[in-house]
Amino acid sequence: MHSDVAISVSHLTKTYRIFEHPADRIKQALTFGRVPFHSQFTALKDVSFEIRKGETVGIIGRNGSGKSTLLQLICGILKPTSGAIGVTGRISALLELGSGFNPEFTGRENVFFQGAVMGFPKEDMARRFDDIAAFAEIGQFMEQPVRTYSSGMYVRLAFSVAIHVLPEILVVDEALSVGDVVFQHKSRRRVQELVDGGSTLLLVSHDRSMITSACKRCIMLDKGQVKMDGYPSDVFDYYHAFIAAKGNEQIQQHRLESGRAQIASGTGEASVERVRLIDRDNTEIDTLEVGAPITLEFQVRIFQPIPLLVLSFVIRDRLGQIIFNTNTNSFNQSPKGVARDSSLIFRFYMHANMGPGSYSISCFLTSTNDRFSNNYETRELACFFDVLNQVQPLFYGSAWLSPTLDIQYACES
């Protein structure tokens, strides 16, 4: 294990014995294991990867894909069936809600209890206690048994303890999506501060914006195996195509010059052959001015008769966050009874009221507003463009709201 590696996972496998009835355990014990009375469930199978110190990595996958099992193995809560795990550095984990708390202890007592478990002297935790209590914001409940806490209070206290022990490795499983919006924003800022300070982050979440903003790398698990490991937006694009795909759908990856992975999937009854941006002079462009009028054009080829064709598109910023999303149903203009071998051109007319930056366009051909049913084609990263600000007053953000300004002296009474 190299000195710059925080977490090393090598050929990791975890299997569980599943007994249908409690008595089956006794029966198997009486036969000394020679007669099996159980089935096996493999939660993880031959998983290998390394995470370097200071790296921020997201873990995604459907429920039951092995995400939580992987984190518990890394944290030492579970032991692997086979394979090896190496961890370098003090690890702080926020896994299941309130895990590690004694429900009969008060919040204060649990703070010191958690500190002792992690090897911190009582005096050290006493110095940190005021900061932990202030961040958790649970007031007088700090002196009450945690069994009286709401789920939000559990998370506040557990997260506050986890971040105030100055972890070299922070492992978080979905906990940042629990609680009120103010706490979520505060927690994300604190996580970013830890990352900026050199901590390693391992984050499980279904929230695309959270992972794409906090992580530089993402690993997708499916049925206990690593399905994809790469740039967060690329992995999420593949993940969405993967969960949308049915038995008769194909998923294709094409590596672009930028290194990004363009994902295409679908049943193939229709396909987007071309996507382009056009300016007011009908010239194809890939760079435009803030607020400029533009036309977004999609050329679609039909290979099989389609009763109803819905075209949707999404504009995302460089972090993969959605800036705008709409579809032909929103305009009551989805074509009906589209014949085989037809070719259609869809044009959306709009103004580029976006902030300066790089953007991508993804598009979807379906029979409904739901991109996960009757997916004729999903095409991620179908088009890219840059927005520049050379005309408008200086501003920051993802949207240009075209403000005007008026200043008046207030009349004094």
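How many helices and strands does the protein have? In this predicted model, the chain contains 8 helices and 22 strands. The C-alpha trace extends over about 85 × 75 × 45 Å along its principal axes. Of the 413 residues of the protein, 48% count as buried. Contacts between residues at least 6 apart in sequence were also examined: 69% of them join residues at least 24 apart.

One open sheet is built from 4 strands, arranged in the order 13-12-15-20 with antiparallel pairing. Strand 13 (284-285) and strand 20 (343-351) occupy the edges of this sheet; each has a single partner strand, and therefore one side of each lacks a neighbour in the sheet. At one of these edges, strand 13 is joined to strand 12 (residues 270-278) in the antiparallel sense through 2 bridges. Within this pairing, I278 has E284 of strand 13 as its bridge partner.

The packing of helix 3 against helix 4 was considered next. The arrangement of two packed helices is described by the angle between their axes and by the distance between the axes. For helix 3 (residues 107-117) and helix 4, the angle is about 130° and the axes lie 10 Å apart. Because an angle of this value falls outside the ranges for roughly parallel (under 35 degrees), roughly perpendicular (65 to 115) and roughly antiparallel (over 145), helix 3 is classed as oblique to helix 4. The crossing of the two helices is right-handed. Helix 3 contributes R108, V111, F112 and G115 to the contact, while helix 4 contributes K122, M125, A126, F129 and I132. Sorted by class, the residues of this contact comprise 6 nonpolar, 1 polar and 2 charged.

Positive phi values were noted at two residues other than glycine, E137 and S402. In E137, phi is near 55°. This residue is located in the loop that runs between helix 4 (122-136) and helix 5 (151-164). E137 has a relative accessibility of 51% and is classed as exposed, because the limit for that class is over 50%. In S402, phi is near 50°. S402 is placed in the segment after strand 22 (377-388). With a relative accessibility of 48%, S402 counts as partly exposed, since that class covers values between the limits of 20% and 50%.

Definitions and conventions:
Residues numbered from 1 in each chain as written. Predicted model: local features only at pLDDT ≥ 70, side-chain atom pairs only at ≥ 80, totals over all residues. Heavy atoms only, no water. Pairing = 2+ DSSP bridges. Buried < 20%, exposed > 50% of the residue type's maximum accessible area, 1.4 Å probe, protein only. Axes fitted to C-alpha atoms, helices over the stretch in contact; angles between N-to-C directions. Left-handed = near helix turned anticlockwise from the far one by under 90°. Contact = heavy atoms within 4.5 Å. Nonpolar A, V, L, I, M, F, W, Y, C, P; charged D, E, K, R; others polar.
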